[in-house]
Amino acid sequence: MAVAKQKLSVPFDYDKYLRKDKLPHIWCPGCGHGIVLKSLLRAIDNKELSKNDLCMVSGIGCSSRTPGYVDFNTLHTIHGRAFSFATGLKLAKPSLKMIIATGDGDAMAIGGNHFIHTCRRNIDMLIIVYSNAIYGMTGGQFSPTTPIGSIATTSRYGNVEPPFDICEMAKAAGATFVARGTAYHTQELERTFTEALGHKGTAVVEVIDSCPIYFGRMNKQRGASEMMENIEKNGTVSVKQVDKLPAEKTEGKLVRGILHRVEKPEYCEQYDKLIVAKATK
Amino acid sequence: MAEPAKKLPRIEISERRCKACSICVDFCPTNVLEIRGTTCVVKDLEACTRCQLCDLRCPDFAIRVFD
């Protein structure tokens with residue numbers, strides 16, 4: 001479906017979903033966040049969702065600037081607490097489709113607790129974790145997903161902390177849809193987002209992203225294009241290929257694609273049932 | 001009889017939005033684009049195959065390819 005759309009004489013019009021007066025955005029030249037947002041907007045168009053039925057919530061960070069540029073209902077909240085605000089809003093107005101834009105630091109460090117409990121409740125929302133392995137907005141400190149040995153402002157001789165696997169964490173916490181994509185594989189990411197938007201329950205999509213200004217410059221990856229190529233060549237392997245490839249080719253690589261998908265009772269529905277049962281007693 | 005002129009695509013680049021990150025230049029398979037100063041410009045329109053890779057990859061919503 002996505003491929004067929006590419007063949008049209010008029011290219012996809014992103015501007016109908018954007019606040020045009022807020023552009024150009026504040027993301028650095030070559031930052032992958034814009035590419036991820038484009039994939040999301042195409043996925044929203046595939047699902048034919050109305051702008052009024054969507055709500056985008058975010059915390060603090062580079063990724064959390066996303067709601068400022070999209071023309072939906074938007075909420076820019078405090079650091080790591082986007083999940084809590086979104087949970088409240090979803091319970092008050094269950095007809096809204098919630099999308100949370102959050103970064104690796106926002107979701108895994110400051111909001112780690114909120115993240116796991118949102119996954120545990122299986123409340124209907126799409127959580128997009130832009131994982132660029134660094135705190136970009138505050139000057140390049142290492143984050144919970146920075147690989148061992150990487151240089152950051154606060155780890156000048158290399159990071160010694162083992163990183164989090166966001167997808168494993170979401171799965172263990174009880175999320176019912178867990179997927180991973182990259183900013184390089186943009187059409188695959190669009191398909192993943194389309195699937196995730198159709199899922200009823202907590203959907204977590206981790207997106208391997210690039211930060212050329214802080215992470216790239218300190219780790220000898222000069223330029224945005226080089227970082228993108230690194231994501232393709234050394235970063236990930238598709239879930240469809242992982243069993244077929246020899247072990248040495250998949251070693252140390254993350255698996256991308258839809259990793260986990262189950263159907264479980266959704267929180268708002270269960271809550272509504274409880275209210276109806278008690279009120280009609 | 002002269003051959004009918006090849007229909008060329010139209011590449012729209014917003015100078016206001018472009019940050020010259022050069023992702024479109026490096027990922028273009030036929031070298032259509034180049035960076036000039038602080039913006040990306042079309043260097044060789046005839047080489048364009050309308051593959052839309054620049055449109056897909058531009059992080060700044062700056063480039064669009066019309067058939």
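Buried means under 20% relative accessible area, exposed over 50%, and partly exposed in between (1.4 Å probe, protein chains only). Keep that handy for the exercises below.

This is a predicted model, where local features need pLDDT of at least 70, side-chain atom pairs count only at pLDDT 80 or more, and totals for chains, interfaces and linings use all residues. Residues are numbered from 1 along each chain as its sequence is written, chains are lettered from A and ligands numbered from 1 in the order in which they are written, and side-chain values use heavy atoms, with hydrogens and water left out.

**Exercise 1. Classify B:Glu34 by accessibility and find its salt-bridge partner in chain B.**

Step 1: B:Glu34 has a relative accessible area of 24%, so we call it partly exposed.

Step 2: now the partner. A salt bridge here is a side-chain nitrogen of Lys or Arg within 4 Å of a carboxyl oxygen of Asp or Glu. B:Glu34 makes one with B:Arg36, with 2.6 Å between the closest N and O atoms.

**Exercise 2. Work out which acids A:Arg180 is bridged to, and what those bridges tie together.**

Step 1: start with the arginine. A:Arg180 comes out at 2% relative accessibility, so it goes down as buried.

Step 2: take A:Glu206. Its salt bridge with A:Arg180 has the closest N and O atoms 2.9 Å apart. A:Arg180 sits in strand β5 (residues 177-182) of chain A, while A:Glu206 sits in strand β6 (residues 202-208) of chain A, so this pair links parts 26 residues apart in sequence. Both A:Arg180 and A:Glu206 are buried.

Step 3: take A:Asp165. The N to O distance to A:Arg180 is 2.9 Å. A:Asp165 belongs to the loop between β4 (125-131) and α6 (166-173) of chain A, so here the tied parts are 15 residues apart in sequence. At 29% relative accessibility, A:Asp165 is partly exposed.

Step 4: zoom out. Over all chains, the search turns up 16 salt bridges. Shared partners also join A:Lys90, A:Lys97, A:Asp124, A:Lys200 and A:Glu269 into one network.

**Exercise 3. Lay out the sheet of chain A and place β1 in it.**

Step 1: the ground rules. Helices (H or I, at least four residues) and strands (E, at least two) are DSSP runs, numbered from the N terminus, and two strands pair if DSSP finds at least two bridges between them. Strands of a sheet pair through backbone hydrogen bonds, either parallel or antiparallel.

Step 2: read off the order. Eight strands make an open sheet with mixed pairing, running β2-β1-β3-β4-β6-β5-β8-β7 in chain A.

Step 3: look at the edges. β2 and β7 (236-238) of chain A each have a single partner strand, so one side of each lacks a neighbour in the sheet.

Step 4: check the partners of β1(A). With β3 (residues 97-103) of chain A, pairing is parallel over five bridges, and A:Val57 has A:Ile100 as its bridge partner there. With β2 (residues 73-76) of chain A there are four bridges, also parallel, and A:Met56 stands opposite A:Thr74.

Step 5: check the burial of β1(A). Five of the five residues of β1 (residues 54-58) are buried, so the rest of the structure largely encloses the strand. One side shows A:Leu54, A:Met56 and A:Ser58, the other A:Cys55 and A:Val57.

Step 6: go to the other edge. β7(A) runs parallel to β8 (residues 254-261) of chain A, joined by three bridges, and A:Thr236 faces A:Leu254.

**Exercise 4. Compare the span of helix α2(A) with its expected value.**

Step 1: the expected span is 1.5 Å times one less than the number of residues.

Step 2: α2 (residues 33-46) has 14 residues and reaches 20 Å from first C-alpha to last, close to the expected 20 Å.

Step 3: for cover, 14 of its 14 residues are buried.

**Exercise 5. Find backbone oddities in both chains.**

Step 1: the baseline. Most residues other than glycine have a negative phi, and most peptide bonds are trans.

Step 2: the peptide bond from A:Leu23 to A:Pro24 is cis, with omega near 5°.

Step 3: A:Asn122, not a glycine, has a positive phi of about 55°; it lies in the loop between α5 (112-121) and β4 of chain A.

Step 4: B:Ala20 also has a positive phi of about 55°, in the loop between β1 (10-13) and α1 (23-27) of chain B.
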